Amino acid sequence: MAAKEKPPKEPMPPINVWLAPVALGWLVPGGGHFLLKRTGRAALLCASVTCMFVLGLLMRGAMFKPQSGDILTVLINWGGFIGDIASGLLYLLTTWLGYSQPDMPGAVHDYGSKFLVTAGLLNILVMVDAYEIAGGRKS
Amino acid sequence: MPKMNLSHFEASFLFAVFSSVVLGVVSKRTDKERLNYGLYVFGCFLAALFGIGWLMYFGHG
């Protein structure tokens, strides 16, 4: 049986093409798309990620802090922390303005934490999309 | 800042709405495909929400 040939790997676009949209996309959700003149998509992405983050705050979700300990503790807290900071300016403003909700039992608090982390994870997807558009792989 | 108290359904529904919008917008190449995929993902979220909800209800006895 003939082995399937792998399609040739696309070369990485030059850094000066994608750095600004990706960096702006991290700082302001949808900012990279605004910079690339995809305003409709940018507005939708900005609204969705921001609404999710704000709902997380309103539900008093806890922000994760990096912790050491057993592997599960490290994974959960570092993963959550990365998810939180991926929201960019939303996270930075929130922490600078003194938001420090302790981790408390309760379904609403728990949903809030998940909303905050998911907002950041969705913003990572938005940044990847901005990278692909800037590199000419998507329209 | 006021605290928002949402039910499980309300929180899951809002989660599904915003996640579906982002997944729909970033995943496909044309606007029609984006809309269809966003609706499909939203439907999957709702199916999982009701399916797992009933599963827990019956599993709990």
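**A tour of chain A and its contact with chain B**

Among contacts in chain A between residues at least 6 apart in sequence, 70% join residues at least 24 apart. Keep in mind that this is a predicted model.

Start by selecting chain A alone. It holds six helices and zero strands, so colouring by secondary structure follows the definition of those elements and gives the order α-α-α-α-α-α from the N terminus on. Turn the chain around: its C-alpha atoms fill a box of roughly 55 × 45 × 25 Å along the principal axes. Of the 139 residues in chain A, 39% are buried.

Next, show chain B as well and look at where the two chains touch. Chain A gives 22 residues to the contact and chain B gives 15 residues. On the side of chain A that touches chain B, helix H3 (39-58) and helix H6 each supply at least two residues. That side of chain A divides into 15 nonpolar, three polar and four charged residues.

Now select residues 107-134 of chain A, which are helix H6, and residues 8-27 of chain B, which are helix H1. At what angle do H6 of chain A and H1 of chain B pack? The angle is about 5°, and the axes are 10 Å apart. Because angles under 35 degrees count as roughly parallel, H6(A) is roughly parallel to H1(B).

Finally, show the side chains in this contact. From H6(A), pick Ala107(A), Tyr111(A), Phe115(A), Thr118(A), Leu122(A), Leu125(A), Val126(A) and Asp129(A). From H1(B), pick His8(B), Ala11(B), Phe15(B), Ser19(B), Val22(B) and Val26(B). The residues of this helix pair's contact divide into 10 nonpolar, three polar and one charged.

Methods: Residues numbered from 1 in each chain as written. Chains lettered and ligands numbered in written order. Predicted model: local features only at pLDDT ≥ 70, side-chain atom pairs only at ≥ 80, totals over all residues. Axes fitted to C-alpha atoms, helices over the stretch in contact; angles between N-to-C directions. Helix = DSSP H or I, 4+ residues; strand = E, 2+ residues; numbered from the N terminus. Parallel < 35°, antiparallel > 145°, perpendicular 65-115°, else oblique. Contact = placed C-beta atoms within 7 Å. Nonpolar A, V, L, I, M, F, W, Y, C, P; charged D, E, K, R; others polar. Buried ≥ 20, exposed ≤ 12 C-beta atoms within 10 Å, placed from the backbone.
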